[in-house]
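Grab a coffee and have the viewer open. Below are some short exercises, each with a solution worked out step by step.

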Amino acid sequence: MQFTSESSTGSPSSNTSPDVDVIIAGCGPTGAMLAAELRLHDVRVLVLEKETEPTSLVRIVGLHIRSLELMAMRGLLDRLLERGRQRPAAGFFAAIAKPVPEGLDSAHAYLLGLPQPVIDQVLAEHALALGAQVRRGCAVVGFEQDDTGVSVELAAGERLRSRYLIGCDGARSTVRKLLGIGFPGEPSRTETLMGELKVGVPQAEIAAKVAEIRETNKVFSLAPFGAEVYRVVVPAAGAGAEPPDLDDFKQGLRAVAGTDFGVHSPRWLSRFGDATRLVEHYRVGRVLLAGDAAHIHPPTGGQGLNLGVQDAVNLGWKLAAQIRGWAPDTLLDTYHAERHPVAADVLDNTRAQMELQSTEPGPQAVRRLLTELMDFNEVNRYLIEKITAIGIRYDFGAGPDLLGRRLPDIDLKQGSLYDRLRRGRGLVLDRTERLTADGWSDRVDHIADPTAALDVPAVLLRPDGHVAWIGEHQHDLNDHLARWFGKPAN
């Protein structure tokens, strides 16, 4: 689907009166998801995308379990399932081949592979259907913020005014660079080529050669991916700033395998490095960062797109609460407090995975040891839950282990739990039938269901599905409603 760009010309905006509540730089999956989350709360959103057309790169990316759950919460999963390909939730950590662990507590315990344009399209359509504005061919080149908002300058000279600016503009984020905050980490040491190509030799010959090479080289991969197409991953023969071409792949394959397998007719080609960086702050005043603008890491484990979408769902309702005027004083600060440690953990596990793919004797010895340990179901499940983000527990203070974790989808008397979260509101799920959220009914729903499959009397869920309170007493619930959803309405 092609999205029509609005005109990028216009008169300068007032420095005091906002044109919109939020400007989002970047209309990738993170930016589009964030726009949709804000629109659930009637926040005026403008998404600025520097590219004039959606990406045509037919790269296959994967949605992990937690992202699939979030898509289910927002009514998007069926659209994605129609166009995706499911595979088992196994073998993610450093490509160590193990079966799906027992006990994955999710109705969506699989990986969904999708062409990137499909994810981009579905999320952009979702944002547009909810009322977000999307303007293509509009690059942010500068901004100034003050106590009441942000003045954003576009490449064509237009100036726009918003209450907040969010940088969702990728690894080379202009917003992050203009913000001038630290982006510590490590630069790339190695580069890898990845693409989808056709091959010119029999599958049996490829399989035998790949098995031989992967005894020592865990980065290398040549795997069937659809009719006559192979997904190729091979170390690059040298560093380069430009996108690779077919000759680069042939050269890399010959260096590792002694043959180029007759590769031809590429569908897409790319290169990536192992640079690993994380911003010091997700928020500076009225400017915030999400997705690759805030963190970069190698794609091993397939966590990058998922991490960005999950950033968006964490941030959306909090920023909307701030704009709508009911946010508790520290609510927006919890975005950094919760998501920065999650990203730091992703960076660490990708560092570990990259080391485990090294051909050096030391890392190979550690890989063999970890491979043995993953025969224990608890170890295998722990690593899969880490990669797929269902093991995240935010620090909400002392309490049962469920506190701070996401609640899996469960059946209710009327529909499923995730169906009841589609509006992006809080939810009291009450098995006691004695509780109420009346003072917060403009932002929190209440379901009394004694049959709900819970091991506790009642829970308070945030709009992102994480458990913010567990208990059975109204006064205690009121305290936590105020903590997360502000003062009750008059």
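**Exercise 1: around helix α2**

Just after α2, G75 takes a positive phi of about 75 degrees. Before going further, keep in mind that this is a predicted model, where local features need pLDDT of at least 70, side-chain atom pairs count only at pLDDT 80 or more, and totals for chains, interfaces and linings use all residues. Residues are numbered from 1 along each chain as its sequence is written, and side-chain values use heavy atoms, with hydrogens and water left out.

Task: find out how many residues of α2 (residues 65–73) are buried.

Solution.
- Step 1: get the terms straight. Helices (H or I, at least four residues) and strands (E, at least two) are DSSP runs, numbered from the N terminus. Buried means under 20% relative accessible area, exposed over 50%, and partly exposed in between, with a 1.4 Å probe and protein chains only.
- Step 2: count. Nine of the nine residues of α2 are buried, so the helix is mostly covered.
- Step 3: look at the names. The buried residues include R66 and E69 as well as I65, L68 and L70.

**Exercise 2: a sheet of four strands**

Task: work out which strands stand at the edges of the sheet that holds β20 and β22.

Solution.
- Step 1: write down the order. Four strands make an open sheet, β20-β19-β21-β22, with mixed pairing. Two strands count as paired if DSSP finds at least two bridges between them.
- Step 2: read off the ends. β20 (444–448) and β22 (467–471) each have a single partner strand, so one side of each has no neighbour in the sheet. From one strand to the next, the twist averages 15 degrees (axes are lines fitted to C-alpha atoms, for helices over the stretch in contact, and angles run from 0 to 180 degrees between N-to-C directions).
- Step 3: follow β21. Four bridges join β19 (residues 426–430) to β21, and these two run antiparallel; D430 stands opposite A458 in β21. Four bridges also join β21 (residues 458–461) to β22, again antiparallel. Here A458 stands opposite G471, and V459 stands opposite I470.
- Step 4: check the side chains. In a regular strand they alternate between the two faces of the sheet. In β21, A458 and L460 point one way and V459 and L461 the other, and all are buried.
- Step 5: finish at the turn. The hairpin of β21 and β22 has five residues between the strands, and G465 there takes a positive phi near 85 degrees.

**Exercise 3: a loop asparagine**

Task: is N217 buried or exposed?

Solution.
- Step 1: place N217. It sits in the loop between α6 (203–213) and β12 (221–224).
- Step 2: apply the cut-off. N217 has 14% relative accessibility, so N217 counts as buried.
- Step 3: see what the side chain reaches. The N217 side chain comes to 3.1 Å from the backbone nitrogen of V219 and to 3.2 Å from the backbone nitrogen of F220.

**Exercise 4: empty space**

Task: which residues line the largest cavity, and what lines the second largest pocket?

Solution.
- Step 1: define the search. On a 1 Å grid over the protein atoms alone, a cavity is a set of points where a 1.4 Å probe fits but cannot get out; a pocket is an open set with protein on both sides within 12 Å along at least five of seven lines; lining residues have an atom within 4 Å of a point. Grid points are joined across faces, edges and corners, and a volume is the space filled by probe spheres set on the points.
- Step 2: take the cavities. There are two of 30 Å³ or more. About 80 Å³ lies in the largest, which is lined by R66, L70, Q310, V313, N314, R339, I392, Y394, D464 and H466. α2 and α8 are the elements giving two or more residues to this lining, and α8 gives the most, with three.
- Step 3: take the pocket. The second largest has a volume of about 480 Å³. Its lining has 28 residues, with V342, D345, G391, I392 and R393 nearest its centre. α9 gives the most, with eight residues.

Methods: A polar contact is a pair of N or O atoms within 3.5 Å; within protein, one must be able to donate a hydrogen and the other to accept it, and residues adjacent in sequence count only if both atoms are side-chain atoms.
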